[in-house]
Amino acid sequence: MAYTINRIIPDAGIDDVDARARKALADNGFGVLTEIDVKATMKKKLDVEMPAYRILGACNPKMAYQAIGIEPRVGAMLPCNVILREVEGGVEVSAIDPVASMQAIENAELTAVAGDVRDLLAKAVEAI
């Protein structure tokens, strides 16, 4: 099973895709709670160069509340990460597939919520 929802945005820069991703996420009920600039962190911590790579921690509060109500420890697997990374010819966007990430939890009700979240993330990725 694939564990991410992917799309390449051709001939785009990371800052443009970042703005578009945040808008698409917001339009689908997600807010960005965290942001990690992996490129800057690797430079600072390891003094290595790498292409632009950002991790956006996206959360749909309604769905997160529902999931936590079903399975209180699921917060260890939140928020839904969306990565933006420079690749040849553009920027790749990859969002976690919540159904894949929740496979370790045997709870059909949680799996159904994860499916709804996956659908919203897929719409957001497609809208970028």
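Which residue in S5 is the bridge partner of Leu84? It's Val93, and we'll get back to that pair shortly. First, a word on what you're looking at: this is a predicted model, where local features need pLDDT of at least 70, side-chain atom pairs count only at pLDDT 80 or more, and totals for chains, interfaces and linings use all residues. Residues are numbered from 1 along each chain as its sequence is written, and side-chain values use heavy atoms, leaving out hydrogens and water.

Let's start with the sheet. Its 5 strands line up in the order S1-S5-S4-S3-S2, with antiparallel pairing, and the sheet is open. Strands here are DSSP runs of E with at least two residues, while helices are runs of H or I with at least four, numbered from the N terminus; two strands pair if DSSP finds at least two bridges between them. At the edges sit S1 (4-10) and S2 (31-37), each pairing on one side only. On average, neighbouring strands are turned by 20° against each other, direction ignored. Inside the sheet, S4 (residues 80-87) and S5 (residues 90-96) run antiparallel and are joined by 6 bridges.

Now add the helices. H2 (residues 38-46) packs on the sheet and touches S2 and S3 (53-59), its direction making about 35° with that of S2. H5 (residues 108-127) packs on the sheet too, touching S1, S4 and S5, at about 5° to the direction of S1. Those angles run from 0 to 180 degrees between N-to-C directions, using axes fitted to C-alpha atoms, for helices over the stretch in contact. Contact, or touching, means heavy atoms within 4.5 Å.

What about the inside? The largest nonpolar core (buried Ala, Val, Leu, Ile, Met, Phe, Trp, Tyr and Cys residues joined through side-chain atoms within 4.5 Å) has 34 residues, and Val17, Val82, Leu84, Val93 and Leu121 touch the most other members. So our opening pair, Leu84 and Val93, turns up again here. H5 gives this core its largest share, 8 residues.

Finally, meet two polar residues. Arg54, in strand S3, counts as buried because its relative accessible area is 14%; buried means under 20%, exposed over 50% and partly exposed in between, with a 1.4 Å probe and protein chains only. Its side chain makes a polar contact with that of Asp18 (3.0 Å). A polar contact is a pair of N or O atoms within 3.5 Å; within protein, one must be able to donate a hydrogen and the other to accept it, and residues adjacent in sequence count only if both atoms are side-chain atoms. Ser94, in strand S5, is buried as well, at 6%, and its side chain makes a polar contact with the side chain of Asn6 (2.6 Å).
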